[in-house]
Amino acid sequence: MLLRSTAIPRARKIHSSRDLLSELSARQLIADVTRPDDFAKHLQKARTIYAGVDPTAKSLHAGHLIPLLCLFHFHIRGHNTLALIGGATGLVGDPSGRAMERSLSEKAQIESNTIELTDSIKQFFSRATEYALDKAPSLTTLPQLQVVNNLDWLKELNLLDFLRSTGIHFRVNHMLARDSVKLRMNAHNGITFTEFTYQLLQGYDFYELFRTRGCTIQVGGSDQWGNILSGIDLINKVERDHVGHNEGCFALTTPLLTTSQGEKFGKSAGNAVWLDEKLTSYLDFYQFFLRTADADVEKYLKMFTLLPIEEIDAIVREHEIQPERRLAQKLLAKEVTLMIHRKEGLEAARVATNILFGTDYSTLHAKDIVKSLANDPRLVLCTEDELLGITLPNIAAKFGLTSSKSTARQLALGNGLYLNNVPQPDVHFKLERSHLIDGQVAILRAGKDTHLILALR
């Protein structure tokens, strides 16, 4: 059943007076869009939009933020938003943007990832809504995000029925012309029939959501452009067969973001930056955005925060006068961490930053230190017997801060072994409870930036 289109209120303070497509463009969140003038008119009433998430991992990562935040901008404008998890298509594998075939994932792993991602997406939208309400309290009523799984309708699909109802509308020459297919056709191993059919399945998803939920817009990364157009083509052909030619569906793709150094966004030292604090700590998440290069920070502020464009322009101008203060990066790290991990996550990241990069420990408290470094391998919980009455070099070696006791002693003699940010040159110095922060925590440092935080259980 199609959802009724209703007039929607304008979200003030976040979007100013710009229409939605203009706002997304100003925030550099649009790579391509179909029929922009018609699209803008289409958005004058509440619509239903979806974006897909591939369940190849159990958590969202920083790279997911771009399409999800694009979807969220529709959400806070009062449109109905759907997040589709590819529980079925994840078993096939998307060839888009890949020179080699994906290894087929195990069914059990896809099912487990789908459950985890459902919770992750709901949490993202819940926390992003809190963040948006803080920026614009007038946003009091928003539609409920819906998370759907394409396995629900694809698992019972009969192959013969699918070929007759859907395959008949696709021409192989058009399918071969898709960039994702051409890339693989030119590769050494070519493309399998399984991957070749992926665009049919994704196109069918769009048609299914159009038919059952009145969905008329799909958002995805720019590598999904061909797959999204396949869905629009299918809807147009099926609807034309039944009720005349349909021109009411639209595609919007977001950029595939790379840093100014050409690296894929969302990676830190080759590892994904996850939105789950159990996989990427509050500190590492905060630091990832804090380390943003000057050449990227303006773009990231526009993409990853809901700060008004005019406010971003002002902070960037101030940043350019004194770039060494890193005002723009500090604001970026603050806003994104606040949106993803709430105030407690932001505070934990700031405490951890002070521990590892600050010089003043006078305001630190043991409970805040332990909380801020939860899931961080540099935090070690130990017993009194393991910590008290033992020389500092021996502790450093025992818990892996240094490679050996002799290395630790040499480091101490050279004023390179620190306790609570104070060098301790005495190789016979024994740690007692009075030396611990709040009688609970010792912060050891070897050299400039190798830390070990020991906390009594």
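Biologist: What makes the meeting of the side chains of Asp313 and Lys302 a salt bridge?

Modeller: The term requires a side-chain nitrogen of Lys or Arg within 4 Å of a carboxyl oxygen of Asp or Glu; the side chains of Asp313 and Lys302 meet at 3.9 Å, N to O, so the pair satisfies that definition. The two partners sit in distant parts of the chain, Asp313 in helix 14 (residues 309-321) and Lys302 in helix 13 (residues 294-304), 11 residues apart. This is a predicted model, in which local features need pLDDT of at least 70 and side-chain atom pairs count only at pLDDT 80 or more, while totals for chains, interfaces and linings use all residues. Residues are numbered from 1 along each chain as its sequence is written, and side-chain values use heavy atoms, with hydrogens and water left out.

Biologist: Why is Lys302 called buried, and why is Asp313 called partly exposed?

Modeller: Buried means under 20% relative accessible area and exposed means over 50%, with partly exposed in between (1.4 Å probe, protein chains only). Lys302 has a relative accessible area of 10% and is therefore buried, whereas Asp313 has 25% and is therefore partly exposed.

Biologist: How many salt bridges does the structure hold, and what makes Glu310 and Arg18 one such pair?

Modeller: The structure holds 15 salt bridges. The side chains of Glu310 and Arg18 meet at 3.3 Å, N to O, in one of them. That pair also links distant parts of the chain, with Glu310 in helix 14 and Arg18 in the segment before helix 1 (20-26), 292 residues apart. Glu310 has a relative accessible area of 42% and so counts as partly exposed, and Arg18, at 21%, is partly exposed too.

Biologist: Which residues are linked with Arg18 and Glu310 in a network of salt bridges?

Modeller: The network joins Arg18 and Glu310 with Glu23 and Arg27.

Biologist: What distance makes Glu130 and Arg342 a salt bridge?

Modeller: Their side chains meet at 2.8 Å, N to O. Glu130 lies in helix 4 and Arg342 in helix 15 (residues 327-357), 212 residues apart, and the pair thus links distant parts of the chain. Glu130 is partly exposed at 38% relative accessibility, and Arg342 is partly exposed at 28%.

Biologist: Why does Phe124 count as buried, and which residues does Phe124 touch?

Modeller: Phe124, which lies in helix 4 (residues 107-135), has 4% relative accessibility and therefore counts as buried. Taking contact to mean heavy atoms within 4.5 Å, and not counting residues up to four places away in sequence, Phe124 touches Leu60, Leu65, Leu68, Leu69 and Ile340. Phe124 and Met339 are 215 residues apart in sequence, and their C-alpha atoms are 8.3 Å apart in space.

Biologist: Why is one side of strand 1 and of strand 4 left without a neighbour in the sheet?

Modeller: The open sheet has 6 strands in the order 1-6-5-2-3-4, with mixed pairing. Strand 1 (32-33) and strand 4 (146-149) stand at its edges with a single partner strand each, so one side of each has no neighbour in the sheet. Helix 3 (residues 65-76) packs on the sheet, touching strand 2 (48-53), strand 3, strand 5 (215-221) and strand 6 (250-254), and its direction makes about 130° with that of strand 6.

Biologist: How many bridges pair strand 3 with strand 4?

Modeller: Two strands pair if DSSP finds at least two bridges between them; strand 3 (residues 80-85) and strand 4 have 4 bridges, in the parallel sense, so they meet the definition. Within strand 4, Val148 is the bridge partner of Leu84.

Biologist: What makes helix 12 mostly covered?

Modeller: In helix 12 (residues 282-290), 8 of the 9 residues are buried, including Tyr282, Phe285, Tyr286 and Phe289. Helices (H or I, at least four residues) and strands (E, at least two) are DSSP runs, numbered from the N terminus; the protein chain has 19 helices and 13 strands. Of its 457 residues, 52% count as buried.

Methods: Axes are lines fitted to C-alpha atoms, for helices over the stretch in contact, and angles run from 0 to 180 degrees between N-to-C directions.
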